[in-house]
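Got your viewer open? Keep the selection tool handy, and we'll walk through this one stop at a time.

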Amino acid sequence: MTPVQIKICGITNARDAKACVELGAQLIGLNFYAQSPRYIEANVARQIAETLPANIRAVGIFVDGNAEQIRRTANTAGVRCVQLHGNFSPETARELAREFHVIRAFSTRVRFRSEDVSLFPDCDVLIDAHHPDLRGGTGQTCDWSAARATLAFTRFLILSGGLNAQNVGRAIQAVMPHAVDVCSGVESAPGVKNHRAINDFITAVRAVERSLQPPTYKVPHNVILSEAKDLGPFSERNSPE
């Protein structure tokens with residue numbers, strides 16, 4: 001299978017960002033939702049983003065708002081990818097996609113329908129657990145069967161919601177996402193990452209990848225392969241003289 005990308009969300013300082021990169025993450029989430037315990041200001045986010053290698057993507061997390069507000073904050077923070085939670089229309093997502101890489105987040109609430117993600121063809125899709133008050137970092141798992149069903153309607157699926165080193169292997173086997181997103185599952189406290197937990201999480205992802213690889217057949221060393229001669233159709237080879 002194609003390697004699963006790993007997104008560590010709720011980064012609040014450069015030290016944690018550096019550890020995520022060194023341990024093997026490809027995406028770093030920076031939270032601009034003021035009500036989140038992992039909220040950081042745009043100028044702090046820029047300081048973090050500027051420490052990242054060119055091949056690591058900084059993702060700005062937004063809840064509600066309009067395109068101009070998001071554009072202004074993202075440009076100040078120096079992020080080129082935005083993740084949208086809440087009430088964002090396909091038109092707003094399309095407008096932002098002209099300038100940014102856009103991730104549209106959905107929660108598997110009762111009214112969620114997998115086919116609804118097809119309304120956002122310009123976006124990657126993130127599936128998270130539903131919470132009446134919080135937007136991410138809840139520690140609650142989402143509906144994996146509903147997440148799996150969205151694969152038919154999106155170009156790129158990110159699985160989120162209550163993932164940790166103990167359950168991410170089962171989650172990947174159940175959903176087969178393109179990427180996984182973890183936040184509270186690798187924290188000592190909200191906004192404080194546990195580097196050992198990050199390492200354990202990434203190790204678990206890579207382990208399940210290996211288990212899902214198709215077996216590679218190796219020709220026994222004592223078998224000689226030779227070029228087959230053209231003996232004609234099988235029916236002719238087996239017909240009587």
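One term before we start: a residue counts as buried when its relative accessible area is under 20%. Also keep in mind that this is a predicted model.

**The whole chain.** Show everything as a cartoon. You should find eight helices and 10 strands. Of the 241 residues, 44% count as buried. The chain exposes about 12,900 Å², and carbon and sulfur atoms supply 50% of that.

**Stop 1: strands S1 and S2.** Select residues 27-31, which make up strand S2. Five of its five residues are buried. Turn on the side chains: Leu27, Gly29 and Asn31 point one way, while Ile28 and Leu30 point the other way. Now add strand S1 (residues 5-8), which pairs with S2 in the parallel sense over two bridges. Look for Ile8 in this pair: Ile8 stands opposite Ile28. Add helix H1 (residues 14-23) too, and you have a right-handed β-α-β unit made of S1, H1 and S2.

**Stop 2: on to strand S3.** S2 also runs parallel to S3, and five bridges join the two. Here Leu27 of S2 stands opposite Arg57 in S3. With helix H2 included, S2, H2 and S3 make another right-handed β-α-β unit.

**Stop 3: helix H3.** Select residues 67-77. Which residues of H3 are buried? They are Ala67, Ile70, Arg71, Ala74 and Ala77. These residues sit on the same side of H3, because they cover an arc of only 140° around the axis. Their cover includes helix H2 (42-49), strand S3 (57-63), strand S4 (81-85) and helix H4 (90-97). Next, check the two ends of the helix. At the N-terminal end, Asn66 acts as a cap, with a side-chain oxygen 3.1 Å from the backbone nitrogen of Glu68. Just after H3 comes Gly78, with a positive phi of about 75°.

**Stop 4: strand S6.** Select residues 124-128. Five of the five residues are buried, so S6 is largely enclosed by the rest of the structure. Asp124, Leu126 and Asp128 are on one side, with Val125 and Ile127 on the other, and both faces are covered. Now show the neighbours of S6. Strand S5 (residues 101-107) runs parallel to S6, joined by five bridges. Strand S7 (residues 157-159) is also parallel to S6, joined by three bridges.

Finish on Ile127. What stands opposite Ile127 in S6? That is Phe106. In S7, the bridge partner of Ile127 is Leu159.

Conventions: Residues numbered from 1 in each chain as written. Predicted model: local features only at pLDDT ≥ 70, side-chain atom pairs only at ≥ 80, totals over all residues. Heavy atoms only, no water. Buried < 20%, exposed > 50% of the residue type's maximum accessible area, 1.4 Å probe, protein only. Helix = DSSP H or I, 4+ residues; strand = E, 2+ residues; numbered from the N terminus. Arc of directions from axis to C-beta. Contact = heavy atoms within 4.5 Å. Polar contact = N/O pair within 3.5 Å; in protein donor to acceptor, adjacent residues only side chain to side chain. Pairing = 2+ DSSP bridges. Areas by Shrake-Rupley, 256 points an atom, 1.4 Å probe, with all protein chains shown as cover. Right-handed = clockwise from strand over helix to strand, strands pointing away.
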